[in-house]
Amino acid sequence: MASMSSTPFERTQRVAVLGGGPGGYEAALAAAQLGAEVTLVERVGVGGAAVLTDVVPSKSLIATADAAVAISEASDLGVQFYAKGERGKPLKPEIAINLAAVNKRLMALAGQQSEDMRATLLEAGVRILSGHGRLEGSDAIVVSTGQGGTDFDRVEADTIVVAVGAAPRELDSAKPDGRRILTWTQLYDMKSLPEHLIVVGSGVTGAEFASAYMNLGAKVTLVSSRDQVLPGEDQDAARVLEKVFKRGGMTVLSKARADKVETTKDGVTVTLSDGRTVDGSHCLMAVGSIPNTADIGLAEAGVELTEQGHVRVNRVARTSVPNIYAVGDCTNFFPLASVASMQGRTAVFHALGDIVIPLEQIKITSNIFTAPEIATVGYSEKDVEDGVADGMVYKLPLAANPRAKMMGIKDGFVKLIARKGSGTVIGGVIVAPKASELIYPIAIAVERRLTVDQVSRVFAAYPSLSSSITDASRAMHLFNIS
């Protein structure tokens with residue numbers, strides 16, 4: 001986009017961004033594209049925790065686990081691997097995971113992504129300051145740039161965007177030590193596959209890492225305080241995933257709350273609230289996150305926070321202070337990297353007077369990177385059951401799809417949710433390999449208010465997994481008029 005020109009009577013708008021994760025990065029880039037004078041403050045590196053210790057390395061690890069599964073299940077497709085043994089006897093080789101090499105690659109990828117993002121910002125004219133920043137009132141950020149906090153820069157701004165993210169929640173009864181009791185940011189220091197990984201927490205993060213390490217070959221126990229994994233997600237999807245987990249050898253402890261985690265001589269012991277104990281080699285604590293909003297001057301600047309410390313924002317990411325915006329996991333909106341990025345651009349567009357469309361949570365697409373993946377958008381089946389949305393639901397098992405049969409896919413489904421009467425698509429769920437890619441046409445249908453009949457008229461390649469979306473939409477036409 002061409003930069004905005006200014007006359008001698010106009011002062012260039014000054015934008016300061018605190019935090020260089022996905023939201024801060026997009027805010028800084030958008031502001032530079034609109035001709036603002038932009039300063040980005042980041043203490044760990046451009047990309048923030050999302051790139052350096054969270055999304056990029058974790059999804060790269062999951063890609064490695066997917067590759068291991070593809071190799072192990074290749075025999076179902078008639079592909080066999082043999083190594084010659086003694087006296088010419090064929091021996092089927094075992095899959096070996098070099099976790100040290102895997103983690104080295106993950107962190108290298110994360111570092112390279114961070115450098116690429118930094119280069120893009122510099123090319124756009126963004127000034128980058130490395131250090132710890134805090135707000136000084138509503139019109140400046142003070143940055144500690146020297147070792148020991150001895151040197152300071154003061155950045156004055158007309159608009160401030162807060163994008164400080166969140167960090168893993170830590171419990172006093174299960175204090176991470178970085179060796180045996182770990183947060184998800186500490187997993188990449190392991191040199192070998194854990195003999196027995198106990199995952200405490202069955203939300204998105206817990207389920208993703210439990211899935212990945214099971215598929216890499218580790219023994220995994222998942223401790224869930226609820227009656228199903230992924231509480232709050234589509235129940236059919238959660239049931240499919242739990243079935244896959246148990247079939248893969250994972251132990252799933254439902255309605256089991258972990259009271260404390262202690263290190264032992266050569267591992268960990270997790271004590272449950274009912275007195276049972278689980279022994280393992282390592283424990284991953286996946287019990288949520290807390291926003292990095294403490295002690296950065298937000299309250300002093302008049303920014304309203306929730307009781308949990310999240311910044312309250314509206315649909316254009318504006319806070320209670322008119323010229324201060326906040327984006328990403330530090331807000332009370334929706335904790336996804338894709339949402340943070342969209343919030344960042346929306347905030348800057350609104351602040352600088354560009355065209356802006358307020359964000360709607362119901363149109364946000366999310367994905368859980370387990371195996372199989374779970375992707376959702378729009379209203380849920382529970383919303384229909386609870387009367388929140390007047391809809392109809394149709395679920396098509398993926399096993400009926402010809403491409404799925406060719407690929408040996410046994411688990412998963414496509415679920416469409418459409419409004420009664422009009423047939424407008426208002427939601428969808430896909431459980432499948434690469435569901436993150438397959439959900440896109442349903443997201444478009446939700447965003448553009450397409451009907452199931454309109455979706456059904458779109459040609460899908462044959463054979464393809466995406467044709468299940470067409471088949472489901474066609475079935476809902478019949479369902480709608482019956």
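Which residue forms a salt bridge with Arg247, and how far apart are the closest N and O atoms? I looked this up in what is a predicted model, and I found that the partner of Arg247 is Asp411, with the closest N and O atoms 2.5 Å apart. Because Arg247 lies in helix α6 (residues 235-247) and Asp411 in the loop between α9 (402-407) and β24 (413-419), I note that the pair ties together parts that are 164 residues apart in sequence. I then checked the cover of each partner: Arg247 counts as exposed at 54% relative accessibility, whereas Asp411 counts as buried at 10%.

**Other salt bridges**

I recorded 22 salt bridges in the structure, and I followed up two further pairs by residue. The side chains of Glu447 and Lys363 meet in a salt bridge at 3.9 Å, N to O. This pair links distant parts of the chain, since Glu447 sits in helix α11 (residues 440-448) and Lys363 in the loop between α7 (337-351) and β21 (366-368), 84 residues apart. For Glu447 I noted a relative accessibility of 37%, so the residue counts as partly exposed. I also entered a network in which salt bridges that share partners join Asp234, Asp236, Arg239, Glu381, Lys395 and Lys415.

The second pair I followed is Glu170 with Lys175, whose side chains meet in a salt bridge at 3.6 Å, N to O. Both partners are partly exposed, Glu170 with a relative accessible area of 40% and Lys175 with one of 44%.

**Aromatic rings**

I searched the whole structure for aromatic pairs and found 0. A ring does appear in another kind of arrangement, however: Lys395 lies over the face of Phe413, at 5.1 Å from the ring centre. I had already met Lys395 as one of the members of the salt-bridge network.

**Nonpolar surface**

Which residues make the nonpolar surface patch of about 430 Å²? I listed Ile71, Leu77, Val79, Phe81 and Ile95. Of these I looked more carefully at Ile95, which is placed in the loop between β4 (90-91) and α4 (99-124) and counts as partly exposed at 40% relative accessibility.

**A residue in α4**

Is Asn103 buried or exposed? I had located Asn103 in helix α4, and its relative accessible area of 2% lies under the 20% limit, so I entered Asn103 as buried. Leaving out residues up to four places away in sequence, I found that Asn103 touches Leu61, Leu187, Tyr188, Asp189 and Met190.

Note on methods:
Residues are numbered from 1 along each chain as its sequence is written. This is a predicted model: local features need pLDDT of at least 70, side-chain atom pairs count only at pLDDT 80 or more; totals for chains, interfaces and linings use all residues. Side-chain values use heavy atoms; hydrogens and water are left out. Rings of Phe, Tyr and Trp (its six-membered ring) pair if their centres lie within 6.5 Å; planes under 30 degrees apart count as stacked, over 60 as edge-to-face and the rest as tilted. A charge sits over a ring if NZ of Lys or CZ of Arg is within 6 Å of the ring centre and within 35 degrees of the ring normal. Patches are made of residues with over 30% relative accessible area and no salt bridge: like charges are joined within 9 Å, nonpolar side chains (Val, Leu, Ile, Met, Phe, Trp, Tyr) within 5 Å. Accessible areas come from the Shrake-Rupley method with a 1.4 Å probe; for residues, only the protein chains shown count as cover. A salt bridge is a side-chain nitrogen of Lys or Arg within 4 Å of a carboxyl oxygen of Asp or Glu. Helices (H or I, at least four residues) and strands (E, at least two) are DSSP runs, numbered from the N terminus. Buried means under 20% relative accessible area, exposed over 50%, partly exposed in between (1.4 Å probe, protein chains only). Contact means heavy atoms within 4.5 Å.
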